[in-house]
Amino acid sequence: MLLEISDIHVHYGKIAALKGVSAEVEQGEIVTLIGANGAGKTTTLKTISGLRPLSSGRIVFDGQDISRMPGHKRVLAGIGQSPEGRGIFPGMTVEENLLMGAYARKGDVSKELNEVYELFPRLAERKSQAGGTMSGGEQQMLAIGRAMMAKPKVLLLDEPSMGLAPKLVQQIFEIILEINRRGCTVLLVEQNAQQALQIAHRAYVLETGRVVKSAPARDLLDDPEVRAAYLGGDLGEAASQSDAADDAPAADDAETGDVRKG
Ligand SMILES: Nc1ncnc2c1ncn2[C@@H]1O[C@H](COP(=O)(O)OP(=O)(O)O)[C@@H](O)[C@H]1O
Ligand SMILES: [Mg+2]
């Protein structure tokens, strides 16, 4: 098991955000965490990357108990994160932003830089452009690219499709698949449950700080409760007919689906 989260409780002051979450991610998998706003998805990722402390429970990564390891050491251990809201440094160039992703590593990072540029040709074209002037989709690519600079064993992605037009959403999901094909394990948080479930191997459903379901992702696509709560009936149908949504400038259903994510 690459990542094992056991019964974690996390608080913001007195408010319990996670009330005993357990989850596992195996080497090579794409695992998705779905759930409504406020369910605890972001908190789960932040706790894995060390940005939030545990109240109780345990996190084991790559055979090592990291429950109390500081965040920068977790990056070196192989946990990469692309945060919610992307966190681009707006005044730095694209390349400077990417290099920030490797700041904790010693030695030459040109190989990683080339790999990121190969994965995101768009970023290679825009090396010298200020991060803050990139479009939403480009900034998302930059955030993912920056996380990849640390050569993570697992990549934590928090709502990578948020606020993006349907065509770009498609592109981001394809990139996630490619990153996984290249050997990186992925833990993906999404409100865009339909597409997340289509690319993931397994999924967990979070509700108010608890895991209420875990299953192979495909099974959840057909699960009546999940369909009703997270796939929004015909919205889900519209999203699965991705060809139409892709080409149409503003396919009504797809647009609505996009707004829901924000
Ligand atoms: N900085 C914070 N201060 C206080 N409460 C927070 C903070 N961040 C999140 N919470 C609360 O923790 C719970 C889980 O939030 P979050 O992990 O952001 O959910 P999600 O990412 O699934 O939308 C929510 O009830 C939210 O209001
Ligand atoms: Mg969130």
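Two strands are taken to pair if DSSP finds at least two bridges between them. With that in hand, a good place to start in this predicted model is the link between strand E9 (residues 202-207) and strand E10 (residues 210-216), which run antiparallel and are joined by six bridges. One of the matched positions is Leu 206, whose bridge partner in E10 is Val 211. The two strands form a hairpin with two residues between them, and Thr 208, in the turn, has a positive phi of about 35 degrees.

Stepping back, the protein chain holds 13 helices and 10 strands. Of its 262 residues, 44% are buried. Among the contacts with a separation of 6 or more, 65% are made by residues 24 or more positions apart.

A second stop is an open sheet of four strands, arranged in the order E2-E1-E4-E5 with antiparallel pairing. E2 and strand E5 (64-65) stand at the edges with a single partner strand each, so one side of each has no neighbour in the sheet. Strand E4 (residues 56-61) runs antiparallel to E5 and is joined to E5 by two bridges; here Phe 61 stands opposite Gln 64. The loop between E4 and E5 contains Asp 62, a residue other than glycine that nevertheless has a positive phi, near 55 degrees. Asp 62 counts as partly exposed because it has 15 C-beta neighbours inside 10 Å.

Strand E2 (15-25) also takes part in the surroundings of ligand 1, where E2 and helix H1 (41-49) each supply at least two residues of the shell. The largest share, three residues, comes from H1. The residues around the ligand are Tyr 12, Ile 15, Ala 17, Gly 35, Asn 37, Gly 38, Ala 39, Gly 40, Lys 41, Thr 42 and Thr 43. By character, the shell divides into four nonpolar residues, six polar and one charged.

Attention now turns to helix H3 and the loop before it. Arg 86 lies in the loop between strand E6 (79-82) and H3. Although Arg 86 is not a glycine, its phi is positive, at about 75 degrees. Arg 86 is buried, because 21 other C-beta atoms lie within 10 Å. Within H3 itself (residues 94-100) sits Asn 97, which counts as buried because it has 25 C-beta neighbours inside 10 Å. Leaving aside residues up to four places away in sequence, Asn 97 touches Ile 88, Phe 89, Met 92, Gly 131, Leu 142 and Arg 146. One of these partners, Gly 131, is 34 residues from Asn 97 along the chain, yet their C-alpha atoms are separated by 7.2 Å.

Helix H7 (residues 166-181) completes the tour. Its 16 residues, at 1.5 Å a residue, should span 22 Å, and its end C-alpha atoms are 23 Å apart, which agrees. Which residues of H7 are buried? They are Pro 166, Val 169, Ile 172, Phe 173, Ile 176 and Ile 179. Seen down the axis of H7, these buried residues fall within an arc of 135 degrees, so they line one face of the helix. An α-helix has 3.6 residues a turn, so residues three or four places apart point the same way. On the other side of H7, Glu 174, Glu 178 and Arg 181 are exposed. Just after the helix, Gly 183 takes a positive phi of about 110 degrees.

Technical notes. Residues numbered from 1 in each chain as written. Chains lettered and ligands numbered in written order. Predicted model: local features only at pLDDT ≥ 70, side-chain atom pairs only at ≥ 80, totals over all residues. Buried ≥ 20, exposed ≤ 12 C-beta atoms within 10 Å, placed from the backbone. Contact = placed C-beta atoms within 7 Å. Near = placed C-beta within 6 Å. Nonpolar A, V, L, I, M, F, W, Y, C, P; charged D, E, K, R; others polar. Expected span 1.5 Å × (residues − 1). Arc of directions from axis to C-beta.
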